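Me: I would like to go through this structure step by step. Could we start with the ligand and then turn to the sheet?

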Amino acid sequence: MKRAVDPYLTILHTVAETVSRSLDVDEVLRTALDALTHVTGHEISSLHLVSEDGLRLLLQGDRGLSPRLREVNRRLPMGEGLIGRVAATGETLRLENVAGEPDLFPPARAAVRMDQIRGFVCVPIRSRGRILGTLSLGRQTTEGFDDREVALVQATADQIGIALDNARLYSETRRQLEELRRTQTQLIHAEKLSAVGELASGVAHEINNPLTTILGQAHLVLADAELKPALRERLQIIAAETSRAARIVQNLLMFARHYPPERRPCSLADLVRRVLELKAFQLQQDAIRVETDLAPCPPVYADENQLQQVLLNLVQNAHQAMARHPRDRQLTVRVRPAGDRAVIEVLDTGPGMASEVLPRIFDPFFTTKPPGDGSGLGLSVSYGIMSEHGGRLRAENRPGGGAAFTIELPFGTPAD
Ligand SMILES: Nc1ncnc2c1ncn2[C@@H]1O[C@H](COP(=O)(O)OP(=O)(O)O)[C@@H](O)[C@H]1O
Ligand SMILES: [Mg+2]
């Protein structure tokens, strides 16, 4: 007579097939629990996984547990009771009469008795040497579990371990892919920004030439001694405004051009004035009052373009923060010496930074602004520049609301 296929092999095959086919852990657990309760048809099964903090075992599924036994089993302390012990030691447990076991978790004893559970086996679920949970099987009949049955439960637990590992790897891979995608989008955006910078410097060049001509011509006419006073006054206005436009274009060129870093003594007060002049029009358009407090301060030894970039970033951020905020808008920039360092403060009356935002603002590509408004690079680049200069850049919220950015720069010498 031909022998029937070993039912244990069929069970194991069903579970293994689900593991190899599905990344859904719940489906694997369901299949495993279902399959195990068919060993003789009288089994009660339960599956626990270790909680995130490692202190408890949480019931993930069961077959045949009575409501009271399920309640007891919902959360088990790690290391205590029969199941908790298996999870802590990793040693398989097999009992003939579980109700008589002295180590049984006290709250479970009454329920086990009432449900008349006798034979009991509990095996650890492992993955990569770590214990992730336990798989338990109980039986109300008098015969205990034999070696083959214990081996079957262990093999099923191993399959569950593989499924859990697969799921973890899969979600980790997806997370990394997602991060890669995001970084790629941001890089493309940064690339575009630098293209815009190039374009701006090209345009600035083109504008610079006619401005120089206008200014030259105005000065030539002004040199005419016969000029009527009213006309002279108007020409002077033309010359002054043209100079202002030329200065803005110059500043823009300085900013957009990529000079190699070059350190020399810089006046911070001049720097602040230049940056504020560059932004004056935009700030005025958004009704932002500007206050400066520039105490006499020795020059710092630094790359002027880079410092200007840092300050411009801070002023730009303050501007954007206040423009979205319906409050009294005031930008304050202060410079003062403090020991061997210069301190620059940029203070605004915007909304400040939320507690979950603040720790991340110096991360490259971190931005809370819509695409087009922010690249998330300003502060990370500024931070890098300050570090290169042996200085510091820090951010905090002001007690009365708004953000405060503080730069500290050592005075230093060319020898540093
Ligand atoms: N003055 C400020 N007030 C409030 N939030 C700010 C301020 N400056 C920076 N931030 C926050 O820090 C983030 C990162 O700034 P930044 O690196 O300059 O990038 P971006 O300005 O392109 O967003 C901003 O998106 C914003 O959430
Ligand atoms: Mg910015």
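Me: How many residues surround ligand 1, and which are the closest?

Reply: In this predicted model, ligand 1 is surrounded by 20 residues. The closest are Asp-348, Thr-367, Thr-368, Lys-369 and Leu-379.

Me: What does the side chain of Asp-348 do there?

Reply: An N or O atom in the side chain of Asp-348 is 2.7 Å from a nitrogen atom of ligand 1. For Leu-379, a backbone N or O atom lies 2.8 Å from an oxygen atom of the ligand.

Me: And how much of ligand 1 does the protein bury?

Reply: The protein buries 94% of the 530 Å² that ligand 1 exposes when taken alone.

Me: Which elements give two or more residues to that shell?

Reply: They are H9, helix H10 (378–388) and E13. Helix H9 gives the most, with 4 residues.

Me: What is the mix of nonpolar, polar and charged residues in the shell?

Reply: The shell around ligand 1 has 9 nonpolar, 9 polar and 2 charged residues.

Me: Now the sheet. In what order do the strands run?

Reply: The open sheet has 5 strands in the order E8-E10-E11-E13-E12, with mixed pairing. Strands E8 (289–294) and E12 (392–397) are the edges, each pairing on one side only.

Me: Where does helix H9 lie relative to these strands?

Reply: Helix H9 (residues 304–323) lies across E10, E11, E12 and E13, and runs at about 170° to E13.

Me: In which sense do E10 and E11 pair?

Reply: Strands E10 and E11 pair in the antiparallel sense over 7 bridges. Within this pair, Thr-332 has Leu-347 of E11 as its bridge partner.

Notes: Residues numbered from 1 in each chain as written. Chains lettered and ligands numbered in written order. Predicted model: local features only at pLDDT ≥ 70, side-chain atom pairs only at ≥ 80, totals over all residues. Heavy atoms only, no water. Pairing = 2+ DSSP bridges. Contact = heavy atoms within 4.5 Å. Axes fitted to C-alpha atoms, helices over the stretch in contact; angles between N-to-C directions. Near = heavy atom within 4 Å. Polar contact = N/O pair within 3.5 Å; in protein donor to acceptor, adjacent residues only side chain to side chain. Areas by Shrake-Rupley, 256 points an atom, 1.4 Å probe, with all protein chains shown as cover. Nonpolar A, V, L, I, M, F, W, Y, C, P; charged D, E, K, R; others polar.
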